[in-house]
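Please walk through the fold shown below with an eye to its cysteines, its helices and its aromatic side chains. The account begins with a pair of sulfur atoms and then widens to the chain as a whole.

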Amino acid sequence: MIYPYSEVHAVHMELTDRCNAACPMCPRFMKHNGEVAPHVYKIQHTLEDIKKILPVDFIKQLRRINFCGNYGEPIVARDLLPIIVYLKQINPHLRVEVNTNGSARKASWWKALAAVMGSDPRKSGVWFGLDGLGDTNHLYRRNTNWEVIMRNAKAFIDAGGVAHWNYIAFKHNEHQIEEARELAREMGFREFNIKLTARFKRGDTFPVFVKGEHTYDLKPPTEAEHIRPEAKNHTRPRTVPVPTLSAPMIGALKFIDEYKRNGYIPIDPNKRLVPKPNIECIAQREKSIYISATGHVYPCCWISGGHFTGDADFRMEYDRIDITKRPIEDIVGGEEFQLVQDSWEVGSISKCVHICTVVEMDADSEQKQHGHDFMIRKRVDNEE
């Protein structure tokens with residue numbers, strides 16, 4: 001099995017698939033017209049739901065819970081604050097993380113969030129997704145308000161909250177990175193992270209639709225240090241240590257389409273990937289699971305996203321991974337999780353290959369990096 005139920009130490013939880021923003025590249029939206037996707041149901045987990053689906057003993061064994069998700073914004077979930085209070089009461093040592101666009105709720109709510117989460121960076125953190133400054137952030141984080149975000153971030157930080165700034169680099173905002181980093185330092189953010197997007201791999205631009213009308217295009221960054229190596233076959237020299245595509249990675253990706261929608265088993269042994277992908281499962285390493293807003297349990301958010309959009313390379317019966325219909329212990333120890341691990345032998349799940357294949361940093365180096373690890377991290381709080 002990927003891991004025994006008793007060893008699950010982390011949960012990535014999507015409290016809701018509702019969102020106040022309209023980020024064009026988010027899987028919440030249809031790429032060809034910008035409309036909300038049909039698999040978004042505008043639902044949420046309440047405090048009562050959490051009490052029913054997460055056993056007390058399970059909460060006690062956790063070390064970390066992250067509120068983020070594939071489609072929703074956690075701060076618009078009605079019961080985020082009381083849920084955190086409830087979890088902390090059961091497990092005072094639990095590390096709580098929240099990923100947010102920051103553009104909802106009143107300043108008083110953010111002060112209360114800081115009080116609930118505490119000021120110990122080992123036990124809490126809020127990651128603000130801010131992709132630019134006042135004149136650019138809205139180009140990707142559509143429907144958000146910069147003044148509201150700054151007010152909320154300031155209220156949270158001033159009340160003792162631990163804040164981090166995640167910045168996706170685009171052509172329209174990469175010239176502002178140093179200015180944003182300085183603002184992060186002045187405001188008291190602990191860390192400023194540059195995220196290298198992989199969502200331009202099908203072309204040089206990404207069309208943005210507003211009410212079905214093509215309004216403008218997003219363009220990838222042009223500075224070499226802000227470009228992922230596999231993004232549209234970029235070959236520019238890089239100034240940061242991120243991996244290039246190794247021969248095993250290319251070989252694995254080349255044969256992935258052959259396994260699309262074929263299911264886990266039976267798999268023809270004569271159709272193994274050559275060479276076999278070197279998969280090191282992040283969920284297995286972190287002993288983590290993902291719980292969607294619909295209540296379905298997966299090893300990770302990437303597999304969940306593929307399952308719901310219909311492009312997954314496997315079949316899972318929804319009822320068998322539904323936490324409202326089956327105990328979480330049975331799901332984690334069930335055949336569905338085992339089939340994920342079995343697939344690594346042949347690389348039949350493209351999500352596993354793309355995200356968790358380990359590539360070599362350099363032919364003469366022992367360093368290695370997962371396919372998903374494209375974040376340039378830098379502390380901005382003047383601490384080592």
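The sulfur of C300 lies 5.8 Å from the closest cysteine sulfur, that of C301, and this is too far for a bond. Seen from the other partner, the closest cysteine sulfur to that of C301 is the one in C300, again at 5.8 Å and again too far for a bond, because a disulfide requires the two sulfur atoms to be within 2.5 Å. C300 is buried, with a relative accessible area of 15%, and C301 is buried too, with a relative accessible area of 13%. In the structure as a whole there are zero disulfides. It should be kept in mind throughout that this is a predicted model.

With that settled, the overall frame can be set out. The chain has 384 residues, of which 54% count as buried, and its secondary structure comes to 13 helices and 13 strands. Among the contacts in the chain with a separation of 6 or more, 74% are accounted for by residues 24 or more positions apart. The chain exposes about 17,900 Å², and carbon and sulfur atoms supply 49% of that area.

Helix α4, which spans residues 107-117, is a good place to look at how a helix is set into this fold. Its residues A107, W109, W110, L113, A114 and M117 are buried. Viewed down the axis of α4, these buried residues fall within an arc of 155°, so they line one face of the helix. The face turned away from that buried side carries S108 and A115, which are exposed. As for the partners on the inner side, the buried residues of α4 pack against α3 (80-90), β3 (95-100), β4 (124-129) and α6. Just after α4 comes G118, which takes a positive phi of about 85°.

Helix α7 (177-187) can be read in a similar way. Its buried residues are I177, A180, R181, A184 and M187, and, seen down the axis of α7, they fall within an arc of 130°, so they line one face of the helix. On the other side of α7, the glutamates E178, E179 and E186 are exposed. Just after α7, G188 takes a positive phi of about 105°.

The aromatic residues connect several of these elements. A search of the whole structure finds 13 aromatic pairs. One of them is formed by W110 and F156, an edge-to-face pair with 6.0 Å from centre to centre and 80° between the planes. This pair links distant parts of the chain, since W110 belongs to helix α4 and F156 to helix α6, 46 residues apart. W110 counts as buried at 0% relative accessibility, and F156 is buried with a relative accessible area of 1%. The rings of W165 and F189, in turn, have their centres 5.3 Å apart and their planes at 55°, so this pair is tilted. It too links distant parts of the chain: W165 sits in strand β5 (residues 163-168), while F189 sits in the loop between α7 and β6 (191-195), and the two are 24 residues apart. W165 is buried, with a relative accessible area of 0%, and F189 is buried, with a relative accessible area of 1%. W109, W110, F128, W146, F156, W165, Y167, F189 and F192 form one aromatic cluster.

What remains is a backbone detail at two loop residues. N143 has a positive phi of about 75° although it is not a glycine, and its place is in the loop between α5 (137-140) and α6 (146-158). At 54% relative accessibility, N143 counts as exposed, because the cut-off for that term is over 50%. K211 likewise has a positive phi, of about 55°, although it is not a glycine, and K211 is found in the loop between β7 (206-210) and β8 (213-218). With 80% relative accessibility, K211 also counts as exposed.

Notes:
Residues numbered from 1 in each chain as written. Predicted model: local features only at pLDDT ≥ 70, side-chain atom pairs only at ≥ 80, totals over all residues. Heavy atoms only, no water. Helix = DSSP H or I, 4+ residues; strand = E, 2+ residues; numbered from the N terminus. Buried < 20%, exposed > 50% of the residue type's maximum accessible area, 1.4 Å probe, protein only. Arc of directions from axis to C-beta. Contact = heavy atoms within 4.5 Å. Areas by Shrake-Rupley, 256 points an atom, 1.4 Å probe, with all protein chains shown as cover. Phe/Tyr/Trp six-rings, centres within 6.5 Å; stacked < 30°, edge-to-face > 60°.
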